Amino acid sequence: MIELRKIWFSYSGDRHVLRDVDAQFDRGLTVVMGPNGSGKTTLLKVSSLLYKATKGKVMVDGVDYWSLKDPDKLRVRREVIYVHESPRVIRGSVLDNLAYGFKLRGLREGEALREVLRLVELLNMKHLAEERAVGGLSIGEKQLIALVRALALKPRYLFLDEPLAHVHLSKRRSVVRVLEDLKDSSAIVVSTHDPLPLLSVADEALLIDEGRVVFRGRAEEALRLVL
Amino acid sequence: MTMCGEILDVVARSLLISSSATLLAAAWSIPASVKLASSRSRWRDPVVGVFNALVGFPAVLVGLLVYLAFSRSGPLGWLNLLYTPQAIIIGQAALITPLFISLSYELFARAIDNYWELAVSLGASKLQAYGLVVKEVLGEVLVVVLVAFARAIGELGVALLVGGNIKGTTRVLTTAIALEVEKGEFDKALTLGLLLLLAIVVVAMSSRLIKRRLS
């Protein structure tokens, strides 16, 4: 379980983007909602161990992550994946991108490809995988690649920042279905300003406003709030 | 030495001095840019602002400051470097440092934001994350190096003030052109000018080629 204890965060010291946030993420799908600039992305980046909080602790399975030594940090880190809202790709082919996470873990390409191809099939994006270079792809296609790259690693904790923002409507349902399949074995935390497509399959919801958690509860309750 | 030999000597010296100055500036500017780009200090933006402002610092003023530093009564006078190629190298390196830092800071800030975070978010070790950043920005860093080199080889103020335009030792393309104009040898000055232009055009074309290959 990843647990945030009394987290405060500021980028430059003067304005706190997160204020006294407590949260826990365990198996299941959690939707983080909130208006633009409310702190959703920062919350995800702090929870996914990318950013160190200004104040407070991030506990992973009861251990303070930031007090760990580098090799232990890396071991924990490899169970946590964060996918950016604006998709990030590396130079090279689509397959280079899809296999990048596996390469970091020293896995051979063959092993990596099997899982990647399974997801490619599932999300009906074979045509994309055949593309040689990522340079000419649309932002939505890049977002799908970033999603598959993360999902293929089957992380214990998966943090997705606005994963449906650029994805075409026809693919959204497939992405939601893949997340629904994965939520029994992983903790998936999704930030979105359009929670409706995800709340129907989510377990929990969290509403954040001006850096503070103002609601935390079952997804059904949140759905009632939204509708 | 024949006129042709003399010109080739000046061209070779210019290339050697300005390449050395570029490498020297790269040696401190690249680490400084990486440090600045990865810093979250509140002083980062003001420091970057100062370097941006210094890009337009006049070469002759840098030359004067380096001259004062290396003159016999200056703080570095004991090094006896005034009127040597080394003095020009240091002066040119100082001149191009703000340009180097300003351009490479933008590059590394973007790369760290994009690739460092991407690598770490997918479970990379620090070494693997640096590896990705370097791989992704290498070509663009090379373009910055070429731009800085073009600025160094084309400047006159530093080379003239701290080099002294001594034949066979510190005479470079720009100081040689100035001398030939003073002597009224406009044909020779133009030949040297064309060679300088050629060097700058080759550098500019190389950076364009690199950019095109990257995109």
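Buried, for a residue, means under 20% relative accessible area. The model explored here is predicted, so let's walk through it step by step.Q: Which residues of helix 7 of chain B are buried?
A: Helix 7 of chain B covers residues 173-183. A residue of this helix counts as buried if its relative accessible area is under 20%. The ones that meet this cut-off are Leu173(B), Thr174(B), Thr175(B), Ala176(B), Ile177(B) and Glu180(B).

Q: Why does Leu173(B) count as buried?
A: Leu173(B) has its place in helix 7 of chain B. Residues it touches, not counting those up to four places away in sequence, include Val10(B), Leu192(B) and Leu196(B). Buried means under 20%, and Leu173(B) counts as buried because its relative accessibility is 2%.

Q: What separates the C-alpha atoms of Leu173(B) and Thr2(B)?
A: Along the chain, Leu173(B) and Thr2(B) are 171 residues apart. In space, the separation of their C-alpha atoms is 17 Å.

Q: Which residue with a positive phi follows helix 7 of chain B?
A: Helix 7 of chain B spans residues 173-183. The residue that follows this helix has a phi near 85 degrees. Its name is Gly184(B).

Q: How many helices are there in chain B?
A: Chain B has zero strands. Read along the sequence, its pattern is α-α-α-α-α-α-α-α. The number of helices is eight.

Q: What percentage of the residues of chain B count as buried?
A: Chain B has 215 residues, and its C-alpha trace spans about 65 × 45 × 25 Å along its principal axes. Among its contacts between residues at least 6 apart in sequence, 72% join residues at least 24 apart. The part of chain B that counts as buried is 45%.

Q: Which strands stand at the edges of the open sheet in chain A?
A: This sheet has four strands in the order 2-1-4-5, with antiparallel pairing. An edge strand has a single partner, so one of its sides is left without a neighbour in the sheet. The edge strands are strand 2 (16-25) and strand 5 (63-64).

Q: Which residue stands opposite Ile2(A)?
A: Strand 1 of chain A, residues 2-10, pairs with strand 2 of chain A in the antiparallel sense over six bridges. Ile2(A) has its opposite residue in strand 2 of chain A. That residue is Phe25(A).

Q: Which residue meets Asp22(A) in a salt bridge?
A: Asp22(A) is in strand 2 of chain A, and its partner is in strand 1, 16 residues apart. Asp22(A) is partly exposed at 36% relative accessible area, and the partner also counts as partly exposed, at 48%. Their side chains meet at 3.5 Å, N to O, and the partner is Lys6(A).

Q: Is Lys183(A) buried or exposed?
A: Lys183(A) lies in the loop between helix 7 (169-182) and strand 8 (187-192) of chain A. Its side chain reaches the backbone oxygen of Val201(A) at 2.8 Å, and the residues it touches include Arg27(A), Leu29(A) and Asp203(A). At 14% relative accessibility, Lys183(A) counts as buried.

Q: What area is buried between chain A and chain B?
A: In this pair, 25 residues of chain A are in contact with 21 residues of chain B. Carbon and sulfur atoms give 48% of the buried area. The area itself is about 2000 Å².

Q: How many charged residues are on the side of chain A that touches chain B?
A: Between the two chains there are 12 residue pairs in polar contact. Strand 1, helix 2 (70-77), strand 6 (80-83) and helix 3 (94-104) of chain A each supply at least two residues of the touching side. The residues of that side divide into 13 nonpolar and three polar, and the number of charged ones is nine.

Q: How many salt bridges are there between chain A and chain B?
A: One salt bridge is between Glu117(B) and Arg88(A), at 4.0 Å, N to O. The side chains of Glu140(B) and Arg91(A) also meet in a salt bridge, at 3.3 Å. Glu140(B) is in helix 5 of chain B and Arg91(A) in a loop of chain A, so this pair joins two chains. The count between chain A and chain B is five.

Methods: Residues numbered from 1 in each chain as written. Chains lettered and ligands numbered in written order. Predicted model: local features only at pLDDT ≥ 70, side-chain atom pairs only at ≥ 80, totals over all residues. Heavy atoms only, no water. Pairing = 2+ DSSP bridges. Contact = heavy atoms within 4.5 Å. Buried area = accessible area lost by both parts, 1.4 Å probe. Polar contact = N/O pair within 3.5 Å; in protein donor to acceptor, adjacent residues only side chain to side chain. Nonpolar A, V, L, I, M, F, W, Y, C, P; charged D, E, K, R; others polar. Buried < 20%, exposed > 50% of the residue type's maximum accessible area, 1.4 Å probe, protein only.
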